[in-house]
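Hi everyone, thanks for making time for this. Have a look at the structure on the screen, and I'll walk you through it.

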Amino acid sequence: KGEVISECIEFGDIYLDVKTSELGCADSKIVLSLKEYKIMEMLIQNSSQIIPKERIIEKIWGGDSDAEYNNLEVFISFIRKKLRFLGSKTEIKTSRGMGYSLIWQ
């Protein structure tokens, strides 16, 4: 049998499986929706900086989308709940008026 090699990007105590869209921490994992996955991928790949809300909306929903900030906030809230469910010490930090970043406690 062929060996299955997962492709993951990592930050702190979490990993994001590129092939299965699963967010994992230790022995737990949960499947993310497409938008949740794309937001998490963007946060992990840019983990050293605050990502402006406008940039996330443009990248995830598209430049001509009428997505509002509250659309993004709803998805951030879903991801935060999933991080807590996994028991992760990684958090999505809101920088008021600026955007979001990942922090690891």
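Let's begin with strand E1: which residues make up its covered face, and which its uncovered one? Ile9 and Phe11 sit on the covered face, while Cys8 and Glu10 are on the uncovered one. That fits a pattern you may remember: in a regular strand, side chains alternate between the two faces of the sheet. Before I go further, please keep in mind that this is a predicted model.

Now let's see what E1 pairs with. Its partner is E2, in the antiparallel sense, over four bridges. If you want one of those positions to look at, Ile9 has Leu16 of E2 as its bridge partner. The two strands form a hairpin with two residues between them, and in that turn Gly12 has a positive phi of about 55°.

On to the inside of the protein. The largest nonpolar core has 29 residues, and Leu23, Ile39, Met40 and Ile92 are the ones with the most contacts inside it. Who supplies it? Strands E1, E2, E3 and E7 each give at least two residues, and helices H1, H2 and H3 each do so as well.

Met40 is a good place to zoom in. Leaving aside residues up to four places away in sequence, Met40 touches Ile14, Leu16, Leu23, Leu32, Ile79, Ile92 and Leu102.

What about helix H1, which runs from 34 to 45? Its buried residues are Glu36, Tyr37, Ile39, Met40, Met42, Leu43 and Ile44. As a helpful reminder, an α-helix has 3.6 residues a turn, so residues three or four places apart point the same way. The length of H1 works out too: its 12 residues should span 16 Å at 1.5 Å a residue, and the end C-alpha atoms are 16 Å apart, which agrees.

You may have spotted a charged residue in that buried list, which brings me to salt bridges. The structure holds four of them, and I'd like to show you three.

Glu36 pairs with Lys82, with the closest N and O atoms 2.7 Å apart. This links distant parts of the chain, since Glu36 is in helix H1 and Lys82 in helix H3, 46 residues apart. Are these two buried or exposed? Glu36 counts as buried because its relative accessibility is 3%, and Lys82 is buried as well, at 18%.

Next, Glu73 and Lys53 form a salt bridge at 3.0 Å between the closest N and O atoms. Glu73 lies in helix H3 and Lys53 in helix H2, so the pair ties together parts 20 residues apart in sequence. Here Lys53 is buried at 17% relative accessibility, whereas Glu73 is partly exposed at 35%.

The third one joins the side chains of Glu7 and Lys19, at 3.3 Å from N to O. Glu7 is in the segment before E1 and Lys19 in the loop between E2 and E3, so this pair ties together parts 12 residues apart in sequence. Glu7 counts as partly exposed, at 42%, and Lys19 as exposed, at 56%.

One last stop: Ser101, in strand E7. This serine is buried, with a relative accessible area of 8%. Not counting residues up to four places away in sequence, Ser101 touches Leu43, Gln49, Ile50, Glu91, Ile92 and Lys93. Among those, Ile92 is also one of the residues with the most contacts inside the core.

That's my tour, and I'm happy to take questions!

Key:
Residues are numbered from 1 along each chain as its sequence is written. This is a predicted model: local features need pLDDT of at least 70, side-chain atom pairs count only at pLDDT 80 or more; totals for chains, interfaces and linings use all residues. Side-chain values use heavy atoms; hydrogens and water are left out. A nonpolar core is a set of buried Ala, Val, Leu, Ile, Met, Phe, Trp, Tyr and Cys residues joined through side-chain atoms within 4.5 Å. Buried means under 20% relative accessible area, exposed over 50%, partly exposed in between (1.4 Å probe, protein chains only). Contact means heavy atoms within 4.5 Å. A salt bridge is a side-chain nitrogen of Lys or Arg within 4 Å of a carboxyl oxygen of Asp or Glu. The expected span of a helix is 1.5 Å times one less than its number of residues. Two strands pair if DSSP finds at least two bridges between them.
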